[in-house]
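Me: I would like to go through this model with you and ask, for each label, what justifies its use.

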Amino acid sequence: MSRRAAGAVVLADGHTLSAFMLRRLFVGQCLVLALHLTYMPAWLGGLAALVAGYRYLQLRRRLPRAGVVLRLVGVAALAGGLWLHYGTLGRMEAMIGLLLGVYLLKLLETHSRRDARVVVLIGMVATTVAFLHSQGIAMAAVALLAVAWLIYSLVWLAGAANARQAWHESAWLLGLAAPLMVLLFLGFPRFGPLWNLPQADRAATGLTDEIAPGDIADLSRSDRRAFRARFEGDEPAPGERYWRVYTLSEFDGERWRRASPSRFATALEQGESPWVAEGRRSPWSSVTAPRFEAELLLEPDRRPWRPSLGTPQISGERLRWLADGTVEGLTPLASRDLLHLSSSGMAPSWLEPQGMHRHTRLPAEGNPRSRELAQRLWQQAEGEPRAFLAALMSRFGEAPFRYTLSPPRLTSRDRVDEFLFESRAGYCTHYASAMAVMARSVGLPARIVAGFLGGERHPDGHFTVRDYDAHAWVEVWLDDSWRRLDPTAAIAPERIEQGAAAVEGAGDAYLADAPFSPLHLRGVGWVNRLRLDWERLEYRWQRGVIGYRDEARSALVARVVERLQAFWNALQEQLSSRAPLTWLMGLVLVGVGLCGLLVGLRAAWRGHREGRDEALRIRRLQAWLTRRGMPPHGGESPAAHLRRLAGSAEAAGPALRDCAHQFERLRYARLGPGERRSRRQILGRRVAEVKRRLASQGRPG
């Protein structure tokens, strides 16, 4: 079999797709499926292999064509599998799975060029949908490869002679589309979503709005990224990187919970307005000037929480500002998003609308030994709050208390007692919970703040905060303001300055749920540099490309307008200082040069197109001959037209006959790539010779 036959798109009947073309469609499906497979059920890969195997056996005449019943059974099985996997077909992930499944099953009924084009177009849609999962560099690179292959398949379906021509045409089409793509990306306004679909519950971090001793210790096992931050101006010192997320003020003897504004409104039968406000600025912290200005790159999360370095104050977008000194988005994040947020770096300095009484409440019973210890220390401090709190901090810093990422499980009803008097080993939540309970035992308003501490600083200046940076600390009301107290600083100061990895004995528990994380190799210099370089590149991609919004577009337009204005002002200044005639001559020369450049580009473009399309070259030769009074007769073919003129064209006759011969060979003969390229070059030289000889001798008689 010849190379041409092996690469035929259709079989000898001129209609049925060949195995050669079906293989290309299947490769395209595999590339598109690769974009989704880490986010979708793995059995979709088995479905692709099953469909491909059926088509292979069908082409070998071992199985009949898939009938309507088989295809309907396939669709029903697909829908049933997705329903069993997700519990519904109304969620976004299930809808994407349905699209992918139909895309794969479509190969069962793909027999003609039209069917193949439908498969390719569905693949284009499925490729676009993949960006609902992720917009990272890897996703973009694989999507570009998938699109290139799908276009390559379309070029084959359009009649490409060989793989070289198909790839050349595909690259040409992608190159033509690239400038328009860049222009639309830079200049087209961004619109919000026109509709919303139910999505899977995704969380950027395991941090929640209720904790018990030991909860946050579990997060030290994960390297999942929570958010990234870049500071405009001063950066906080390691001991100042306390990222507030939740304020937990309700304690039931075991767990600390957040009291949301909706719970207050329901309990008091009034609106949320005393506890929450929407806008770009916090109504409670407007007295003090912001100390830190951060640009946050947030990960997708079903919860609307937003981290702030201390008390949040001013935002670049509308947010929900809570009276407890935290902030929320108006909606959860379906994808990564940028947020500009200014904050004080300190705990809130105002009294909440509901007063301090709820921050002193404890269950009527429970933890008697802790309460007794608190009363004894309070008496020793002679009722002075600062001395009492200092005594608590110093007690935690003494043996046998120790800080560990693998604390023993607390099982009794009096868990604070069990920690303080029996296990004496815990993580940040153990110490924060014990300190808050003992402060409340003597009437001091206290609460727990859950969030993050620290973050890895990259060489380019941005910070990455991960799950293992999750932390809890205490705020106590002193001197008409909340004061941050972190008992972890007394028991494990290395955790404050260096992070969770620096905690003594952290090796077994630290990143235990991420055994293949590159963070395990931070001690290997070249591996760590590669990791940091990749994360820097990915951060710039997310910030500069994915994070390109209307504000960035407006700033770009403003810069372009500013530079054009500067150029115009400079031009006016030069015109006013020099002779107008000199500038007029310069402008004329520039105009002539631009015209010459445009003419040259047009000629190069024409030559490029004619070099790849012999029919176009001959049509243009016929149009040139017609303008010189030598038109074709009605119904006359291009070759017959040229041969007729050759009889009376004298010196141009041989060139005209050769033009007709080369054109017929190129159009109707089976030629290899090398011979086809050579004959197109010969045709180009003969056309030029015809024009040159006829122009010198005039119209043939």
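**Labels and their grounds**

Reply: A pairing is a good place to begin: β18 and β19 run antiparallel and are joined by 5 bridges, and within this pair V476 stands opposite R483 in β19. Please keep in mind throughout that the model is predicted.

Me: What makes β18 and β19 count as paired strands?

Reply: Two strands pair if DSSP finds at least two bridges between them, and β18 and β19 are joined by 5 bridges, so the pairing criterion of at least two is met.

Me: Why are β9 and β19 said to stand at the edges of their sheet?

Reply: The open sheet has 5 strands in the order β9-β3-β15-β18-β19, with antiparallel pairing. Because β9 (308-309) and β19 each have a single partner strand, one side of each is left without a neighbour in the sheet. Helix α14 (residues 428-441) packs on this sheet, where it touches β15 (446-453), β18 and β19, and its direction makes about 15 degrees with that of β18.

Me: Why are α13 and α14 called roughly perpendicular?

Reply: The two helices, of which α13 covers residues 415-423, pack at an angle of about 110 degrees, with their axes 10 Å apart. Angles of 65 to 115 degrees count as roughly perpendicular, and α13 and α14 are therefore described in that way.

Me: Which residues make up the contact of α13 with α14, and how many of them are nonpolar, polar or charged?

Reply: From α13, V416, F419 and L420 meet H430, Y431, S433, A434, V437 and M438 of α14. By class, this contact of α13 with α14 has 7 nonpolar, 2 polar and no charged residues.

Me: How do you know that β10 and β11 are paired?

Reply: Strand β10 (residues 312-322) and strand β11 (residues 327-328) run antiparallel and are joined by 2 bridges, and because pairing asks for at least two bridges, the criterion is satisfied by these 2 bridges. R320 stands opposite E328 in β11, while in the hairpin of β10 and β11, with 4 residues between the strands, G325 takes a positive phi near 90 degrees.

Me: Why is D479 called exposed?

Reply: Exposed means over 50% relative accessible area, and D479 is given this label because its relative accessible area is 51%. D479 is found in the loop between β18 (470-478) and β19 (481-485), and has a positive phi of about 50 degrees although it is not a glycine.

Methods: Residues are numbered from 1 along each chain as its sequence is written. This is a predicted model: local features need pLDDT of at least 70, side-chain atom pairs count only at pLDDT 80 or more; totals for chains, interfaces and linings use all residues. Side-chain values use heavy atoms; hydrogens and water are left out. Buried means under 20% relative accessible area, exposed over 50%, partly exposed in between (1.4 Å probe, protein chains only). Contact means heavy atoms within 4.5 Å. Axes are lines fitted to C-alpha atoms, for helices over the stretch in contact, and angles run from 0 to 180 degrees between N-to-C directions. Angles under 35 degrees count as roughly parallel, over 145 as roughly antiparallel, 65 to 115 as roughly perpendicular and the rest as oblique. Ala, Val, Leu, Ile, Met, Phe, Trp, Tyr, Cys and Pro count as nonpolar, Asp, Glu, Lys and Arg as charged, and the others, Gly among them, as polar.
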